[in-house]
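The following exercises are to be worked through with the sequence and the structure at hand. Each task is followed by a solution set out in steps.

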Amino acid sequence: MLRNRRRLVAWLLAGVVLAVVLTLYDADRTGVSDPKAAPSATPSAALPGTATPAPTTTPSPSATPSPTAPPGTGEPSPSASATACTSPGACGYPDANSTGPRIALERHDTGNMSVKKDGTVIKGWDIRGSLDIYANDVTIIDSRITSTNWWGVNLRPGFSGLKVLHTTITAVPGKGPDNGGVNYAVSNMGGSSIEVGWCDISVFGNALSMGQGNLHDNYVHDLVAFRNQGGEWQHIDAVISGGGNKGRLTIRHNTLLNSTPVDKGATAAVGLFADTGVVSSVVVEDNWLAGGAYALYGGGPGATGIQVTGNVFSTQYHPAAGAYGPVTAWNAGGAGNVWKDNRMSDGRPVEPAS
């Protein structure tokens, strides 16, 4: 009886061991071949609207893109900046989306209005006319001026503190006093600095005319050629200075376009001329410049204190920015003159002719 009991226990133990062995074998075989248990080497299809992940690879050094320097920080490779600077707005320069009034406007048929009260603020006006400033500390902001006068805004001698901000300044082609032309969007006849910022300016012949001022974040475009009262094509410039200034002229982070053909008066995007005296103390920094006979006239032989840095000379009208080149009349030996980090929009460095 005892022997039979021992034999039964032995058989039971053998059966248990065999079952355990078969279970382990089956689990091991399933873990290798069952597609539900093993991860697939091929990514599964992505859900609608999602991207399928690409296999992870280690890029070679040649596949690593080189960094593109932003405007004014240095000289990028031609291949990098060719794709980075295709248009002003795409490259962070002012355009129609970043300039002009930010609020709704109320129409004012002012005609050629004189402003004679110090501290006057004109805001939210849609002006049909022009503003002649005989007062100090006048501010024109978030407005629109459509002129048929010689100017849109003019600061008279002896007055100071003018600010023109977030304003569209344009004119009616063929309706101006200079044989149908209109000459100056903003003119500074005074002896002090004025500020013009975030303005959308078009149609005028010499859009921003002054010897001293702070011109920043403006969009100057679509200048219109005309024959002046003498029957000659009027010189066309986005910014013009005649020299002889006592203060500083700063031209910073503007889009300055002059698409006028050369045979119809195109002169420059920035014209620094010694017409009324020596050109001095001018900063031309981080602007988008295009068009003119030359995109920049640098002040001539006597110019001093001219700093031209970090500008993009655009090929949008001419392969060399201007019809004849990017720059002329640069006085490399003038005291305080600096030329640095200027380039074409396709990446080529710009250096003045020696």
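**Exercise 1. Determine how many helices and strands the chain has, and describe its overall burial and contacts.**

Solution. In this predicted model, the count of secondary-structure elements gives two helices and 26 strands. Next, burial is assessed over the 354 residues of the chain, of which 46% are buried. The surface follows: the chain exposes about 17,700 Å², and carbon and sulfur atoms supply 56% of that area. Finally, contacts between residues at least 6 apart in sequence are considered; 63% of these join residues at least 24 apart.

**Exercise 2. Identify the residues with the most contacts inside the largest nonpolar core, and examine the surroundings of leucine 162.**

Solution. As a general starting point, nonpolar side chains in soluble globular proteins tend to be buried together. Here the largest nonpolar core has 55 residues. Within this core, Leu162, Ile251, Leu256 and Phe313 have the most contacts. Leaving aside neighbours within four places in sequence, Leu162 is in contact with Ile133, Val138, Ile140, Val153, Leu155, Ile194 and Glu195. A second core, separate from the largest, has eight residues, including Cys85, Tyr93, Tyr219 and Leu257.

**Exercise 3. Describe the largest pocket: its volume, its central residues and the make-up of its lining.**

Solution. The volume of the largest pocket is about 400 Å³. Its lining consists of 21 residues, and those closest to the centre are Ser209, Ile240, Ser241, Gly242 and Asp275. Two elements give two or more residues to this lining, namely strand 12 (206-209) and strand 15 (236-241). Strand 15 gives the most, with three residues. Sorted by type, the lining has four nonpolar, 14 polar and three charged residues.

**Exercise 4. For aspartate 137 and alanine 321, state the phi value and location, and decide whether each is buried, partly exposed or exposed.**

Solution. The background is that most residues other than glycine have a negative phi.

1. Aspartate 137 has a positive phi of about 55° although it is not a glycine. This residue is found in the loop between strand 3 (125-133) and strand 4 (139-141). The relative accessibility of aspartate 137 is 48%, and it therefore counts as partly exposed; the exposed class begins over 50%.
2. Alanine 321, likewise not a glycine, has a positive phi near 80°. Its place is the loop between strand 23 (312-313) and strand 24 (325-328). Because its relative accessibility is 0%, alanine 321 counts as buried, the cut-off for that class being under 20%.

Methods: Residues are numbered from 1 along each chain as its sequence is written. This is a predicted model: local features need pLDDT of at least 70, side-chain atom pairs count only at pLDDT 80 or more; totals for chains, interfaces and linings use all residues. Side-chain values use heavy atoms; hydrogens and water are left out. On a 1 Å grid over the protein atoms alone, a cavity is a set of points where a 1.4 Å probe fits but cannot get out, and a pocket is an open set with protein on both sides within 12 Å along at least five of seven lines; lining residues have an atom within 4 Å of a point. Grid points are joined across faces, edges and corners, and a volume is the space filled by probe spheres set on the points. Helices (H or I, at least four residues) and strands (E, at least two) are DSSP runs, numbered from the N terminus. Ala, Val, Leu, Ile, Met, Phe, Trp, Tyr, Cys and Pro count as nonpolar, Asp, Glu, Lys and Arg as charged, and the others, Gly among them, as polar. Buried means under 20% relative accessible area, exposed over 50%, partly exposed in between (1.4 Å probe, protein chains only). Contact means heavy atoms within 4.5 Å. Accessible areas come from the Shrake-Rupley method with a 1.4 Å probe; for residues, only the protein chains shown count as cover. A nonpolar core is a set of buried Ala, Val, Leu, Ile, Met, Phe, Trp, Tyr and Cys residues joined through side-chain atoms within 4.5 Å.
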